[in-house]
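Thanks for coming. I have one structure to go through today, and I will keep to charges and cysteines.

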Amino acid sequence: MIDGSVTIRTRKYMTNRLLCRRQMVVDVLHPGKASVAKTDVREKLAKMYNCTADRVFTFGFKTNFGGGKSTGFGLIYDTMDFAKKFEPKYRLLRQGVIEAKPKTSRKQKKERKNRTKKVRGTAKAKVGAGKK
């Protein structure tokens with residue numbers, strides 16, 4: 001958890017009207033500590049910019065050589081709808097906004113592909129849906 005020894009500063013603040021967000025470079029000063037969790041940084045940024053933490057997306061943090069300072073990027077969307085529209089799916093997944101779709105195995109995908117090669121026309125969709 002963030003305590004008094006961790007300081008967050010923002011640089012290069014910009015309002016991006018086309019993507020309905022505020023974007024900035026985030027500097028986290030944490031002397032004598034390992035890197036700070038992104039959830040803590042999100043909460044602190046939300047407090048600084050008067051919004052909820054779910055609309056804040058932080059990524060790309062790199063710790064400087066020798067430690068003590070990390071620099072990353074922060075985005076604050078106007079609404080959650082805009083965040084879902086413009087944010088990449090992997091970042092939404094990472095933050096728990098959307099659920100991951102279940103994975104099908106590589107072998108199943110290949111078998112399905114080869115079954116669809118054997119039929120023509122609209123029957124391809126029937127084969128792809130399931131062979132029963």
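I will take the salt bridges, then the cysteines, then a patch on the surface. Please keep in mind that this is a predicted model.

Salt bridges, then. Searching the whole structure gives 2 of them. One joins the side chains of Arg-11 and Asp-27, at 2.6 Å from N to O. Arg-11 sits in strand S1, residues 7-16, and Asp-27 in strand S2, residues 21-29, so this pair ties together parts that are 16 residues apart in sequence. Arg-11 counts as partly exposed, with 36% relative accessibility, while Asp-27 is buried at 7%.

Glu-87 and Arg-91 also form a salt bridge, and their closest N and O atoms are 2.7 Å apart. Both Arg-91 and Glu-87 are buried.

Now the cysteines. How many disulfides does a search of the whole structure find? The count is 0. Why is Cys-20 not bonded to Cys-51? The closest cysteine sulfur to that of Cys-20 is the one in Cys-51, and it is 15 Å away, which is too far for a bond; a disulfide would need the two sulfur atoms within 2.5 Å. Cys-20 is buried, at 16% relative accessible area, and Cys-51 is buried too, at 15% relative accessibility.

Last, the surface. There is a positive patch made up of Lys-101, Lys-103, Arg-106, Lys-109, Lys-110, Lys-113, Lys-117 and Lys-118. Of these, take Lys-118: its place is the loop between helix H4, residues 106-117, and helix H5, residues 123-129. Lys-118 has 72% relative accessibility, so it counts as exposed.

That is what I have; questions are welcome.

Terms used. Residues are numbered from 1 along each chain as its sequence is written. This is a predicted model: local features need pLDDT of at least 70, side-chain atom pairs count only at pLDDT 80 or more; totals for chains, interfaces and linings use all residues. Side-chain values use heavy atoms; hydrogens and water are left out. Patches are made of residues with over 30% relative accessible area and no salt bridge: like charges are joined within 9 Å, nonpolar side chains (Val, Leu, Ile, Met, Phe, Trp, Tyr) within 5 Å. Accessible areas come from the Shrake-Rupley method with a 1.4 Å probe; for residues, only the protein chains shown count as cover. A salt bridge is a side-chain nitrogen of Lys or Arg within 4 Å of a carboxyl oxygen of Asp or Glu. Lys and Arg count as positive and Asp and Glu as negative; His and the chain ends are not counted. The place of a charge is taken as NZ of Lys, CZ of Arg, CG of Asp or CD of Glu. Helices (H or I, at least four residues) and strands (E, at least two) are DSSP runs, numbered from the N terminus. Buried means under 20% relative accessible area, exposed over 50%, partly exposed in between (1.4 Å probe, protein chains only).
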